[in-house]
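Me: I should like to go through a structural model in question-and-answer form, with the criteria behind each term set out.

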Amino acid sequence: MRDMRRMRITVIGTALAIVIPILALSTIAGIRILLLLPLVMSFWFLFYMPRWRRRVREQARSLRRWTLHPE
């Protein structure tokens, strides 16, 4: 559970690391910087998230399995 939580926090932290500078620049540079938003979102959904999902699945498959026997 700790590893899965860490993976989830990693993706949230990465998303915030991308969004916060864009929002900060939009207040300084104006609305033009928001034209980069579709480019950033396409990178996120086409490149980052598939790799992240693959890592999460590999991590989940490598976890220990319980062998429970009825008494």
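The exchange below treats pockets, the nonpolar core, a salt bridge and selected residues.

Me: What kind of model is this, and which pLDDT do local features need?

Reply: Residues are numbered from 1 along each chain as its sequence is written, and side-chain values use heavy atoms, with hydrogens and water left out. This is a predicted model in which side-chain atom pairs count only at pLDDT 80 or more, totals for chains, interfaces and linings use all residues, and local features need a pLDDT of at least 70.

Me: What is the volume of the largest pocket?

Reply: A pocket is defined on a 1 Å grid over the protein atoms alone, as an open set of points where a 1.4 Å probe fits, with protein on both sides within 12 Å along at least five of seven lines; lining residues have an atom within 4 Å of a point. Grid points are joined across faces, edges and corners, and a volume is the space filled by probe spheres set on the points. The lining consists of M1, R2, D3, L63, R64 and W66. For this largest pocket the volume is about 200 Å³.

Me: How many residues of each class line the second largest pocket?

Reply: This pocket has a volume of about 170 Å³, and its lining includes A15, I18, V19, L37, W44 and F45. The elements giving two or more residues to that lining are α1 (2-29) and α2 (37-61), helices being DSSP runs of H or I with at least four residues, numbered from the N terminus. Ala, Val, Leu, Ile, Met, Phe, Trp, Tyr, Cys and Pro count as nonpolar, Asp, Glu, Lys and Arg as charged, and the others, Gly among them, as polar. On that basis the lining has no polar, no charged and 11 nonpolar residues.

Me: Which element gives the largest share of the largest nonpolar core?

Reply: A nonpolar core is a set of buried Ala, Val, Leu, Ile, Met, Phe, Trp, Tyr and Cys residues joined through side-chain atoms within 4.5 Å; buried means under 20% relative accessible area, exposed over 50%, and partly exposed in between, with a 1.4 Å probe and protein chains only. The largest such core has eight residues: M4, M7, V11, W44, Y48, M49, W52 and V56. Both α1 and α2 give two or more residues to this core. The largest share, five residues, comes from α2.

Me: Which side chains meet in a salt bridge, at 4.0 Å from N to O?

Reply: A salt bridge requires a side-chain nitrogen of Lys or Arg within 4 Å of a carboxyl oxygen of Asp or Glu, and a search of the whole structure finds one. The two partners are three residues apart in helix α1, and are therefore separated by about one helical turn. R6 is partly exposed at 45% relative accessible area, and D3 is also partly exposed, at 29%. The side chains that meet are those of R6 and D3.

Me: With which residues is I22 in contact, leaving aside its neighbours within four places in sequence?

Reply: I22 lies in helix α1 and is buried, at 13% relative accessibility. Its C-alpha atom is separated by 8.5 Å from that of L36, 14 residues apart along the chain. With contact taken as heavy atoms within 4.5 Å, the partners of I22 are I33, L34 and V40.
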